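The exercises below each set a task and then work through a solution step by step. Please keep the sequence and the coordinates open while reading.

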Amino acid sequence: MGLTEGGGTDVLDYGGAETGVRQDLIDAQRALLDHIGSPGTWWTGEERVAIASESRQAARCALCRERKGSLSPGAVAGRHDGPHTLPENVVDTVHRIRTDPARLSKTWFDGVIAGGVDVARYVELVGVSTLTAGLDYFARAFGIAPFPLPAPRPGAPSRHRPAGAKPEGAWVPMIAPEHAVGPEADVYNGGFVPNIMRALSLVPDEVRALRQTSGAHYVPVEQIPDPTVHRALTRPQMELVAARVSAINECFY
Amino acid sequence: MSGEAVDLRAVMGEAGDDAGVEHGGRLIAFTDAVMGSDDERLARERRTLRAVVSAEAFVDTCALIAAFNVVDRVADATGIPLDPMLYAGSGDVREELGLARFRSSANTPAPN
């Protein structure tokens with residue numbers, strides 16, 4: 001993958017196997033890498049790339065592997081692999097989300113927040129670390145090396161906290177569709193708004209990134225309820241793969 | 001969904017065949033290999049899948065695996081409940097698959 005000065009991504013390397021890779025998928029993956037390297041709402045570009053790097057590193061982390069195999073992740077102490085530029089509590093949060101999502105709990109989340117991670121910074125961290133996981137799983141499935149992470153772009157976080165974000169039954173505040181107004185008027189794009197799209201709405205730019213990437217990798221959100229919408233795979237084939245992934249991840253949602 | 005009969009045991013890795021979906025067995029085997037850690041098995045399953053589906057369908061499979069690894073982590077890390085509409089329409093499926101045993105089911109309280 002080529003990087004332009006400032007972290008923009010020009011060309012993604014699909015290992016010479018581009019046949020079949022849709023242009024909208026290439027565009028979405030390129031945009032996602034740009035998004036990761038850009039200054040965010042609460043984290044700088046440098047911090048966001050560090051979060052993405054930790055997410056990637058977690059997949060090979062010995063401590064995470066040991067915890068994953070233990071009866072309780074809290075029973076295994078130690079230090080996560082690698083040199084870290086982020087605080088240890090942030091590193092641990094990213095690693096847990098990446099490698100053991102099925103055992104995250106409200107108690108665990110409350111501990112993360114009590115440990116000093118502001119909830120809006122947490123939500124943005126979730127966005128960056130999970131979207132990185134998606135890119136990495138695509139590369140692994142496709143049989144290519146993970147896309148190089150972008151160079152961080154300079155600039156300060158916007159620190160925009162949407163007024164419409166409120167407790168809505170999740171661990172984190174979310175924007176209800178009827179409260180998506182003003183700067184957030186575009187965040188849901190109307191129509192069907194599943195909770196998965198609301199989950200990151202305390203940081204609207206992460207919703208926009210998730211919506212774009214979901215639309216290219218699955219189907220556009222507003223088309224999810226339509227059973228006739230499919231891609232080269234039939235819809236039953238698509239749902240079988242999706243459900244199998246979620247079963248392995250032990251995800252109820 | 002399309003109304004086709006899908007053997008839900010395939011979702012839990014228990015069907016052992018195509019589960020009523022064209023190339024369902026190969027899709028499941030490939031997905032399992034991607035989610036696992038055996039690179040040789042993954043290479044084998046990738047070759048097998050690519051031999052039976054189009055290049056575009058193979059890309060779609062990779063993209064879906066990526067998408068739902070994002071979705072699952074976002075859902076589990078934010079504690080969102082299952083949408084009421086989806087909850088209402090999925091009781092039989094949830095029961096058949098035994099999804100209540102997943103820890104994240106606690107994020108979706110049963111309606112009163």
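## Exercise 1: an aspartate in chain A

In this predicted model, A:D110 is part of helix α5 of chain A, which covers residues 106-114. Decide whether A:D110 is buried or exposed, and state how far apart A:D110 and A:G15 are in sequence and in space.

**Solution.** Begin with the count of neighbours: 11 other C-beta atoms lie within 10 Å of A:D110. A residue counts as exposed if that number is 12 or fewer, and A:D110 is therefore exposed. For the second part, A:D110 and A:G15 are separated by 95 residues in sequence, and their C-alpha atoms lie 43 Å apart in space.

## Exercise 2: two helices of chain A

Determine how helix α1 (residues 23-37) and helix α8 (residues 204-217) of chain A are oriented towards each other, and name the residues through which they meet.

**Solution.** First take the geometry: the axes of α1(A) and α8(A) come within 9 Å and cross at roughly 155 degrees. Angles over 145 degrees count as roughly antiparallel, so this description applies to α1(A) and α8(A). The handedness of the crossing is left-handed.

Next, list the residues that meet:

- from α1(A), A:D24, A:L25, A:A28, A:A31, A:L32 and A:H35;
- from α8(A), A:A209, A:Q212, A:T213, A:A216 and A:H217.

Sorted by character, the residues of this contact between α1(A) and α8(A) comprise six nonpolar, four polar and one charged.

## Exercise 3: the fold of chain B

Describe chain B by its secondary structure, its dimensions and its burial.

**Solution.** Chain B contains five helices and zero strands, so that, given the numbering of elements from the N terminus, the sequence reads as the pattern α-α-α-α-α. Along the principal axes, the C-alpha atoms of chain B fill a box of roughly 50 × 30 × 25 Å. Of its 112 residues, 44% count as buried. Turning to contacts in chain B between residues at least 6 apart in sequence, 36% of them join residues at least 24 apart.

## Exercise 4: where the chains touch

Work out how many residues each chain brings to the contact, and which helix of chain B gives the largest share of its side.

**Solution.** The contact involves 63 residues from chain A and 53 residues from chain B. On the side of chain B that touches chain A, α1 (24-35) and α3 (55-78) of chain B each supply at least two residues. The largest share of that side comes from α3(B), with 24 residues. By character, the side of chain B that touches chain A consists of 32 nonpolar, eleven polar and ten charged residues.

Conventions
Residues are numbered from 1 along each chain as its sequence is written. Chains are lettered from A and ligands numbered from 1 in the order in which they are written. This is a predicted model: local features need pLDDT of at least 70, side-chain atom pairs count only at pLDDT 80 or more; totals for chains, interfaces and linings use all residues. Two residues are in contact if their C-beta atoms, placed from the backbone, lie within 7 Å. Helices (H or I, at least four residues) and strands (E, at least two) are DSSP runs, numbered from the N terminus. Ala, Val, Leu, Ile, Met, Phe, Trp, Tyr, Cys and Pro count as nonpolar, Asp, Glu, Lys and Arg as charged, and the others, Gly among them, as polar. A residue is buried if 20 or more other C-beta atoms lie within 10 Å of its own, exposed if 12 or fewer, and partly exposed in between; C-beta atoms are placed from the backbone. Axes are lines fitted to C-alpha atoms, for helices over the stretch in contact, and angles run from 0 to 180 degrees between N-to-C directions. Angles under 35 degrees count as roughly parallel, over 145 as roughly antiparallel, 65 to 115 as roughly perpendicular and the rest as oblique. A crossing is left-handed if the near helix is turned anticlockwise from the far one by less than a right angle, and right-handed if clockwise.
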